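This briefing introduces a protein model to a reader who is new to structural biology. Please look over the sequence and the structure below before reading the points that follow.

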Amino acid sequence: MTFLLMQYLTNWICYALQLPFTSMEISLLCTVLTSTDTISVLSLIKPDTYPVLNAIVFGEGIVNDAVCILLFKIITQDSHQDTLEFVISFALIVVGSLAIGIAFAVGLTFFFKKNSLESCKETSKVRNQVW
């Protein structure tokens, strides 16, 4: 949503000031600028004081960065795509990424549920005592 709003405003400003930017250049600029909004907020939230809030904002920032990377990749991939091809390409990448992430999470869940990691716990205790 932020990307679309920023792109609209940047297009309007470039048109009003008659700046010689193409729509692809404006889209790339907006993609980069929209991914930096949570960085400043995370610097203000102390993880020791507000751990849940820090985790929520950090998670939102990761998702935001992933979406911006996808948009950047799609925009630079082919500048002559029409809107429908752009939406389909974006949706395929998002669904594919989610499917890989869910499959990996389910696989790790079953792995950690079935395997005892007592040796790892003992190793970490020894390592912590050395420090």
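Helices, written α, and strands are runs assigned by DSSP and numbered from the N terminus. In those terms, the chain reads α-α-α-α-α-α along its sequence, that is, six helices and zero strands. The model is a predicted one, and its confidence is therefore reported first, as pLDDT, the predictor's score from 0 to 100 for each residue.

**Confidence**

- The average pLDDT of the chain is 76, and 79% of the residues score at least 70.
- Confidence is highest in helix α5 (residues 83-114), where the mean is 83.
- Confidence is lowest in helix α6 (residues 118-130), where the mean is 58.

**The chain as a whole**

- The chain has 131 residues, of which 18% are buried.
- The exposed area of the chain is about 10400 Å², and carbon and sulfur atoms supply 71% of that area.
- Among contacts with a separation of 6 or more, 47% are between residues 24 or more positions apart.

**Helix α1 and its surroundings**

- Helix α1 covers residues 2-17 and includes W12; T10 also lies in helix α1.
- T10 has a relative accessibility of 17% and counts as buried, because buried means under 20%.
- Apart from residues up to four places away in sequence, T10 touches I26, L29 and C30.
- W12 has a relative accessible area of 54% and is exposed, because the cut-off for exposed is over 50%.
- W12 joins I13, L17, L19 and F21 in making a nonpolar surface patch of about 540 Å².

**The loop after α1**

- Q18 is placed in the loop between α1 and α2 (23-34).
- With 70% relative accessibility, Q18 counts as exposed.
- The phi angle of Q18 is near 55°, a positive value in a residue other than glycine.

**Helix α2**

- Helix α2 consists of 12 residues, and its first and last C-alpha atoms are 16 Å apart, close to the 16 Å expected at 1.5 Å a residue.
- The buried residues in α2 are I26, S27, L28, C30, T31 and T34.
- Two of these residues, I26 and C30, are among those that T10 of helix α1 touches.

**Helix α4**

- Helix α4 (residues 51-77) has 27 residues, so a span of 39 Å should be found at 1.5 Å a residue.
- The end C-alpha atoms of helix α4 are 39 Å apart, which agrees with that expectation.
- Several residues of α4 are buried, including V57, G61, N64 and C68; L70, L71, I74 and I75 are also among the buried residues of α4.
- N54 is found in helix α4 and is buried, because its relative accessible area is 15% and the cut-off is under 20%.
- Leaving aside neighbours within four places in sequence, N54 is in contact with L42, I45 and P47.

Conventions
Residues numbered from 1 in each chain as written. Predicted model: local features only at pLDDT ≥ 70, side-chain atom pairs only at ≥ 80, totals over all residues. Heavy atoms only, no water. Helix = DSSP H or I, 4+ residues; strand = E, 2+ residues; numbered from the N terminus. Buried < 20%, exposed > 50% of the residue type's maximum accessible area, 1.4 Å probe, protein only. Contact = heavy atoms within 4.5 Å. Areas by Shrake-Rupley, 256 points an atom, 1.4 Å probe, with all protein chains shown as cover. Expected span 1.5 Å × (residues − 1). Patch = residues over 30% accessible without salt bridge, like charges linked within 9 Å, V, L, I, M, F, W, Y side chains within 5 Å. Salt bridge = Lys/Arg side-chain N within 4 Å of Asp/Glu carboxyl O.
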